Amino acid sequence: MRLIGPNCLGIVNTAAHLNASFLPHHPVQGRVALMSQSGAIAAALLQRLDVSMFVSVGNKADVSSNDLLQCWEDDPHTDVIALYLESFGNPRKFVRIARRVGARKPVLLVKSGRGEAGGRAVRSHTAAAATPDVAVDALVRAAGVIRLDSVPELIDTARLLAFQPLPRGSRVAVVGNSGGPEAMAADACERRGLTVPELPSGLLHARAAAALGNPVDLTADATAAELGSAVRAVAAVPDVDAVLVVYTPPFGSGLEETRRAIAEAAKEAGKTVLACVVGHDGLIGGRVPSYAFPEQAVQALARAVRYAEWRRTPEPVAIPVPVDREAGRQVVAAALEAHPQGGWLSPEATARLLSCYGVTLTESAEACGPDEAARAAARVGFPVVLKAVGPVHKSDVGGVRLDLRTEDELRHAYHEMSERIGPAMTGAIVQPMLPAGVEMIVGGVNYPVFGPLVMAGMGGVTADLLADRAFRVPPVTDPAGMLDELRCAPLLHGYRGSPAVDVKSLEDQLIRIGRLLEDLPQVAELDLNPVIVTTGGATTVDARIRVAPAQAPPTALLRRLR
């Protein structure tokens, strides 16, 4: 026997006329299956959303979202799955199931707890940035799940996906009777990555005052018939993927007659049709979702467009790279044998572990005093860089000195650094001064429950200040797309006359770091910062790796995996 709850509202199956719940009203039959951990949220949702099934899971002692996804995967009465979660039972299993289900039915998610300060106890740039909520974002993105910020957004998006075909692209025609709301809709489209293409001339014939480009403003005098005719005409244009009808009542033929005209035109369109009837939310003719404000409609449409693009994209394939996995395991095992509770690897062990995965550090020499630093500099060649070993954020405490050109400068810098930092310095490393390039950061973190996460971003001392970062769940199958998400991406491709750098070398590092994190769950945190990318390659200048014993999943999670 399976258990739902405890501490829940019960279950509803409208197709079977089953209402085994404590709800104060009877849910209406629809095409959306809903699961909620919160009874109060569920009650509010069911007053505005028609459902095929509803399950209130409460404390989730047994039946979870993973079970329900599999239940609804083949349910003939369900077209859309909506989830309100406060916690994940087994996030990795959720991603595997949701990716499979999402290829057929959209999965919508609202998860509370975005403000959890999951990075307070961690110390590296990457671990501080890759909070549990960031991990959730990366996980659901990999699975094609549509994550929403609020319950109203879930309702808006579910209505569109449940009643309209998926958009074939991002080109939108805006048709209506009022220029102001239509202009707001067009602006919202551009902000959300949708295009509003110019329509062919001579497509429409309307009143002299009408604007027939795109948006199409038929003016407040337009009748319901004229509005319906315009919707049919623009929907037939090959360069239009969706039609947004914007109507401000009570002008023209009035609210009810205009709604009927919109519903009739949508039947013949064969494309995604949605409406903004200003001030009115709901469903027109049982199939056209209607929103009170233009931004609401565009927001829902943009999510449908992104989901449709994900559906059309072939499943990503891991990019093979040669690595020495066993040698990497030995480096980690030796470190944990010496320090069973884990800790930061020494510079030497860090370099060995990275080399197992084809990531080479710039030449470095360790030094425990100014004399040893001078000898190290003679080996690597002046000019050099001096860095403290101990602090994680070296620049914050004066632990980095650049472009030291003589032994005297180096000795003086070592003495100054040692006095400033004190015992926390724990020695230094000497490296050759490298030519200027684009400073990037490549990092990773391993959560016991969520698993590994890879980060790329703007590096150097600006890593935390600018917070320009992109995340992926390994394997990293689209390193180019990951880098293109960054605001600093133009710097990599040549900006204002600067040369384009060797982006392929940086992409290769992202793939390799993803593989390392997958193979070695004991690698808790990893920072390569900066990685200096030039026309000649991507050189890792500084690296920090923290290892910790890998935690086994809790017993409850293991039980669900069986």
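In the predicted model, the side chains of N59 and N7 form a polar contact at 3.5 Å, a polar contact being a pair of N or O atoms within 3.5 Å in which, within protein, one atom must be able to donate a hydrogen and the other to accept it, residues adjacent in sequence counting only if both atoms are side-chain atoms. N59 is placed in the loop between strand 4 (51-56) and helix 2 (65-73), where helices (H or I, at least four residues) and strands (E, at least two) are DSSP runs numbered from the N terminus. When residues up to four places away in sequence are not counted, N59 touches G5, P6 and N7, contact meaning heavy atoms within 4.5 Å. The C-alpha atoms of N59 and C8 are 7.4 Å apart in space, with the two positions 51 residues apart in sequence.

The model is predicted, with residues numbered from 1 along each chain as its sequence is written, and side-chain values use heavy atoms, hydrogens and water being left out. Local features need pLDDT of at least 70 and side-chain atom pairs count only at pLDDT 80 or more, whereas totals for chains, interfaces and linings use all residues.

The protein contains 19 helices and 24 strands. Its C-alpha atoms fill a box of roughly 90 × 65 × 40 Å along the principal axes. Of the 562 residues, 53% are buried; buried means under 20% relative accessible area, exposed over 50%, and partly exposed in between (1.4 Å probe, protein chains only). Among contacts with a separation of 6 or more, 68% are between residues 24 or more positions apart.

A second loop position, A220, lies between strand 9 (216-217) and helix 8 (224-235). A220 has a relative accessible area of 31% and is therefore partly exposed. Not counting residues up to four places away in sequence, A220 touches N177, F251 and G252. A220 and P249 are 29 residues apart in sequence, and their C-alpha atoms are 9.1 Å apart in space.

The count of salt bridges comes to 26, a salt bridge being a side-chain nitrogen of Lys or Arg within 4 Å of a carboxyl oxygen of Asp or Glu. One of these joins D137 and R147, with an N to O distance of 2.9 Å. This pair links distant parts of the chain, as D137 belongs to helix 5 (residues 132-143) and R147 to strand 7 (residues 146-148), 10 residues apart. D137 counts as partly exposed because its relative accessibility is 32%, while R147, at 12%, counts as buried.

R472 takes part in two of the salt bridges described here. With D478, the closest N and O atoms are 3.1 Å apart; with E485, the corresponding separation is 2.7 Å. R472 lies in strand 21 (residues 469-472) and E485 in the loop between helix 16 (479-484) and helix 17 (489-492), so the pair ties together parts that are 13 residues apart in sequence. E485 is partly exposed, with a relative accessible area of 38%. Salt bridges that share partners join R141, R472, D478 and E485 into one network. Within this network, R472 is buried at 8% relative accessible area, and D478 is partly exposed at 30%.

K387, in strand 16 (residues 384-388), is buried yet has no salt bridge. The nearest side chain of opposite charge, that of D542, is 4.5 Å away; for this assignment Lys and Arg count as positive and Asp and Glu as negative, with His and the chain ends not counted. The side chain of K387 instead makes a polar contact of 3.0 Å with the side chain of Q431. Beyond its neighbours within four places in sequence, K387 is in contact with residues including K394, M417, Q431, V541 and D542.

The second largest pocket encloses about 640 Å³ of space. On a 1 Å grid over the protein atoms alone, a pocket is an open set of points where a 1.4 Å probe fits, with protein on both sides within 12 Å along at least five of seven lines, and lining residues have an atom within 4 Å of a point. Grid points are joined across faces, edges and corners, and the volume is the space filled by probe spheres set on the points. The pocket is lined by 31 residues, of which S395, G460, V461, N529 and P530 are the closest to its centre. Elements giving two or more residues to the lining are strand 16, strand 17 (400-404), strand 18 (428-432), strand 22 (523-534) and strand 24 (543-547). Strand 22 supplies the largest share, 5 residues.
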